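These are my notebook entries from going through the two chains, written down in the order in which I looked things up.

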Amino acid sequence: MKKTKIFVIMLLVAALFAGLVACSDKKTTKTEAPTTKATEAPATDAPATTAAPEPTEAPTEAPAAALTGAIHVYSRDASSGTRGAFEELVGFEGELTDDAIVTDSNGDMAAKVGADQYAIGYVSLTTDFAANNIKAVSYEGVEPTQENVLNETYTLARPFNYVTRAAGDFGNDKKEQLVKAFIAFLTESAEGANAISSAGGIVDAAGKKPWAELKADHPIVDEDNSGIELVTVGSTSVEKAIRAALETFQPMAGNFTFKMSHAGSGEGPAGTVGAEKDSAKKGDIGFTSRPFKDTEDVSQSMSNGTFCLDAVVICAQLDNPIENLNKDTVAAIFKGEVANWEDIK
Amino acid sequence: MDRKEKKTIQAKLDSFHSRKLWQDKIMKRIFQGSALLAALMIFFISYFVISRGIQPFLSSYGDEQQSLIAFISGNRWRPDIAPPVFGVGFIIINTLLTSLGAAVLSFPISVLTALFIAKIAPPKLRAVLTTIVELLAAIPSIVYGVFAAGTITGLVKDVGDIFGINTYGGNSMFAVIILLAIMIFPTITSLSVVAISAVDRSLELGSIALGASQMETNFKVVLTSAKSGIFAGLALGLGRAFGEATAVSMVAGNRMIGPTWNPFDITRTLTSTILSGMHETSPGLDYDMRFSVGIILLLVILATNFMIQVIKRKVGGVTHE
């Protein structure tokens, strides 16, 4: 009895390994030709387009008329920052259709859209498109690339801005110097750019200097700053990027402490140079996930500007003939007003 | 051996016995303690979930207070819009549909497998099959989830394509049902095997002596005698189906309205609702409502177990417990 049991277990383990070997074989063939998976399901004679999504015009035009049927709208859950940015930028906040599918994460979204020919969804620009069998859809005729985001032609993007208190208004000279040092780290150093992009922000890495070089202008970072607490206020969307930057900067700058109390973009300028700069909501550095408004006068701040950009990319399955979408169409699709692929002009 | 010596031996024996008795008492207390701890655990969990889950329906919750009736009868779950809409009614129906669907698919196969393993298979094959079922039960749910997301959804998609149904990449109620059916199969089977093996041999022999064939005996005597254990297996299996969150979330698609009747359409279960966006939520209404859904889930499981007890009493003629 016991021997048979051991024998069966060995047999199953062997089967498992055989399966693994078989699967890994499949995977290598898949990376060679990513479209094989897609071709076997709908039996369309899609050409062997491998990595590049649109090398030939004619074959991609042909199925354009072919894709008919209900649009499957994929969304993220309510607490997602990507979703917040997408809904805000396209302008349909709180109006997402009831028929949308809710996915758990950026990766989940990419995988599910990649498996559904009728899907439309959105992911961050850093997603691996080819591996998930999805393609990036242009927005307002502009392809979503890092360059287009940085030169501001791709409009499904938003700036992450910072604004500090006015010079001499930090209540403590050391703190003012430390804030200055942090802003230099955030906007000029390669380490800062690294931390921000690891948290999903888009920064132009060109022209960034190593911190060791910039450090010379900020002697404060060599002191023990454990008694100083920096307070950041403003947009919740920037929180991840700023936390990454602060945590990287902390050990480089005398182990200062920081407190992040982010509640919304409006609080950024208000809590540093605006009406609430002396209230309980005050902060040393404020952040917005949008351009500063005309009503927000940031001219008296010690420094202000954009430290990175955030972009959302509309995606569809690789086989989907859709190439470009306009703002109104996107809003209509996600609100459920346009329900079928054939209705998209 | 004089009397003195006898006395010392007696004393030694007495001390030995009293020590043993004393050890017994200590062990008894330890067992009692662990039983109490286990019982308290259930009490604590229920208390925590319920006290948290009823908060949103009390007037002390302030502006965001929810209506209990709207919560239970609602057919829309939109925590993302302002003001949020929490309607759990359609999710209860979806959960019942998927879990009972899985049970309908899995129960007959499980019981027949168990009957084969316990009564019909030759000993060698029995050992092999028992091991396979045990191993199936040991596979973690996340692995089932990966399998479902990679394989079952593809299968459902292909089936949908055959019927010309435009599926959501295979994410569907049907995929959830197949997944759950596979997941609860080992639970029902192994408990049924135990129950069937425990049926008194004399009952079986009596049936054969009266002229019944082996198959008639298996179905009419053995299965009905083992029904208590088999239904216990069903109850446990359904418990697993209702409670499975990770794997189900990976293929359910989380529809925000419902209920879902079309098996090729996406669905949303109570567990996937609790899990969805859990890692990014912060304490507040959205967080507390997950506990409210948890209470509903507990109630659904209790109600189903009660129903199974009722069905058990109706099925089969042999009262042998």
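**Entry 1: a loop in chain B.** I began with B:Pro259, which I found in the loop between α10 (246-252) and α11 (270-275) of chain B. I checked the peptide bond leading into this proline, from B:Gly258 to B:Pro259, and it is cis, with omega near -5 degrees. I note here that the model is a predicted one, so that local features are read where pLDDT is at least 70.

**Entry 2: α3 of chain B.** I then followed helix α3(B), which has 32 residues and reaches 45 Å from its first C-alpha to its last, close to the 46 Å expected at 1.5 Å a residue. I looked along its course for a bend and found one of about 35 degrees at B:Ser106, with a proline, B:Pro108, following within four residues.

I next asked how α3 (residues 89-120) and α6 (residues 173-197) of chain B lie against each other, and I noted that their axes come within 6 Å and cross at roughly 35 degrees. The crossing of α3(B) and α6(B) is right-handed, and the residues of this contact divide into 21 nonpolar, nine polar and one charged.

**Entry 3: α5 of chain B.** Helix α5(B), residues 141-162, has 22 residues and spans 30 Å from its first C-alpha to its last, which is close to the 32 Å expected at 1.5 Å a residue. I located a kink of about 40 degrees in this helix, centred on B:Ala148, and B:Ala148 also appears among the buried residues of α5(B). The others on that list are B:Tyr144, B:Gly145, B:Ala149, B:Ile152, B:Thr153, B:Val156 and B:Lys157.

What do the buried residues of α5(B) pack against? I found that they pack against α6 and α10 of chain B and, from the other chain, α5 of chain A. Just after the helix, B:Gly164 takes a positive phi of about 70 degrees.

**Entry 4: where the chains meet.** I turned to the contact between the chains, in which 26 residues of chain A touch 31 residues of chain B. On the side of chain A that touches chain B, α1 (2-32), β2 (101-103) and α5 (106-115) each supply at least two residues, and α1(A) gives the most, with five. By residue type, this side of chain A divides into 14 nonpolar, six polar and six charged.

**Entry 5: chain A as a whole.** I counted twelve helices and ten strands in chain A. Of its 345 residues, 40% are buried. For contacts in chain A with a separation of 6 or more, I noted that residues 24 or more positions apart account for 74%.

**Entry 6: two buried loop residues of chain A.** I looked up A:Leu96, which lies in the loop between α4 (81-90) and β2 of chain A. Is A:Leu96 buried or exposed? It counts as buried because it has 22 C-beta neighbours inside 10 Å, where the cut-off is 20 or more. Leaving out residues up to four places away in sequence, A:Leu96 touches A:Ser75 and A:Phe334, as well as B:Asp80 across the chain boundary. I also took the C-alpha to C-alpha distance from A:Leu96 to A:Ala311, which is 19 Å for a pair 215 residues apart in sequence.

A:Ser301 sits in the loop between β8 (285-288) and β9 (304-317) of chain A. With 20 C-beta neighbours inside 10 Å, A:Ser301 is therefore counted as buried. Setting aside neighbours within four places in sequence, I found A:Ser301 in contact with A:Val163, A:Thr164, A:Arg165, A:Ala166, A:Thr272 and A:Val273. A:Ser301 and A:Tyr74, by contrast, are 227 residues apart in sequence and 42 Å apart in space, C-alpha to C-alpha.

**Entry 7: positive phi in chain A.** I searched for residues other than glycine with a positive phi and noted A:Glu152, where phi is near 65 degrees. A:Glu152 is placed in the loop between α6 (146-150) and β5 (157-164) of chain A, and it is exposed, because 11 other C-beta atoms lie within 10 Å.

I also noted A:Asn255, which is not a glycine and has a positive phi of about 50 degrees. A:Asn255 belongs to the loop between α10 (239-249) and β7 (257-262) of chain A. Because A:Asn255 has 12 C-beta neighbours inside 10 Å, I recorded it as exposed, the cut-off for exposed being 12 or fewer.

Definitions and conventions. Residues numbered from 1 in each chain as written. Chains lettered and ligands numbered in written order. Predicted model: local features only at pLDDT ≥ 70, side-chain atom pairs only at ≥ 80, totals over all residues. Axes fitted to C-alpha atoms, helices over the stretch in contact; angles between N-to-C directions. Left-handed = near helix turned anticlockwise from the far one by under 90°. Nonpolar A, V, L, I, M, F, W, Y, C, P; charged D, E, K, R; others polar. Contact = placed C-beta atoms within 7 Å. Expected span 1.5 Å × (residues − 1). Bend = angle between axes of the 7 residues up to and from the residue.
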